[in-house]
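Colleague: I would like a close look at a single part of this model. Please take one helix, go through it slowly, and then show me what lies around it.

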Amino acid sequence: MSLPYLNDELSRQIEPQAPPPSERYKAMVAGHKAGCRMYVAVAPTHPNMTLDDFKRHLEKIMCINPEVIFWEPINARGTNGKRMIAAGLDFTDSIRHKNSWAECFTRQWNDIETAAREVGCEDRLHIWPDPELRGFVDDIKLDHWLYKPTVEKWDSLTSSKI
């Protein structure tokens, strides 16, 4: 399930048809309590999120013990941009052009990796980079994440008796 941030009001502006983050989090807690395997997509994050925001967010997410935490920032291409402009979101201009979007993406990438290290969940973090970052991010780092498998352990949960 996606839980890009914990702000219900902002969610109504960015994702008007999606359940609010507070309800998604409640569903995740219920799933965790029921013994479900948990995966969280911290996506799409808005460009105003900072290192401290990511740390608070990851601390809350770790309460449900997810196997994988996927991350990617929001982009203003296509309908995302139109919807954010219509909602009057002041940060939209900061990600409408490729250079400023790439700058925001790389800043948040560094912030979420730092936050994950500090919270103790770096081993669960999986970055969803955009191939259009080529030329803005080191090719080795970009390729590492473009082709890296996620960390969940499916083999240990399958049975040959089925």
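Modeller: This is a predicted model, and the part to start from is helix α2, whose buried residues pack against α1 (8-14), β1 (39-45) and α3 (51-62). Helix α2 itself covers residues 21-33, which makes 13 residues. From its first C-alpha to its last it reaches 18 Å, close to the 18 Å expected at 1.5 Å a residue.

The buried residues of α2 are Pro21, Arg24, Tyr25, Met28 and Gly31. They sit on the same side of α2, because they cover an arc of only 120° around the axis. The face turned away from that buried side carries Lys26 and Lys33, which are exposed. Just after the helix, Gly35 has a positive phi of about 90°.

Next come the neighbours. One of the elements packed against α2 is α3, and His57 is found in that helix. His57 counts as buried because its relative accessibility is 3%, where buried means under 20%. Leaving aside residues up to four places away in sequence, His57 touches Leu3, Pro4, Tyr5, Leu6 and Val42.

Another neighbour of α2 is β1, and this strand belongs to an open sheet of three strands in the order β1-β2-β3, with parallel pairing. The edge strands, β1 and β3, each pair on one side only. From one strand to the next the twist averages 20°. Between β2 and β3, which run parallel, there are three bridges. Phe70 stands opposite His126 in β3.

The helix can also be placed in the largest nonpolar core. That core has 37 residues, and those that touch the most other members are Trp71, Trp109, Ile112 and Leu133. Two or more residues each come from α1, α2, β1, α3, β2 (68-73), α5 (98-119), β3 (125-127) and α6 (139-147). The largest share, eight residues, is given by α5.

Ile112 serves as an example of the contacts. Not counting residues up to four places away in sequence, Ile112 touches Val42, Phe54, Leu58, Trp71, Leu125 and Ile127. Val42 is also among the residues that His57 touches.

To put it together, α2 has a buried side that packs against α1, β1 and α3, a face turned away from it with the exposed Lys26 and Lys33, and a share of two or more residues in the largest nonpolar core.

Conventions. Residues numbered from 1 in each chain as written. Predicted model: local features only at pLDDT ≥ 70, side-chain atom pairs only at ≥ 80, totals over all residues. Heavy atoms only, no water. Helix = DSSP H or I, 4+ residues; strand = E, 2+ residues; numbered from the N terminus. Expected span 1.5 Å × (residues − 1). Buried < 20%, exposed > 50% of the residue type's maximum accessible area, 1.4 Å probe, protein only. Arc of directions from axis to C-beta. Contact = heavy atoms within 4.5 Å. Core = buried A, V, L, I, M, F, W, Y, C linked by side-chain atoms within 4.5 Å. Pairing = 2+ DSSP bridges. Axes fitted to C-alpha atoms, helices over the stretch in contact; angles between N-to-C directions.
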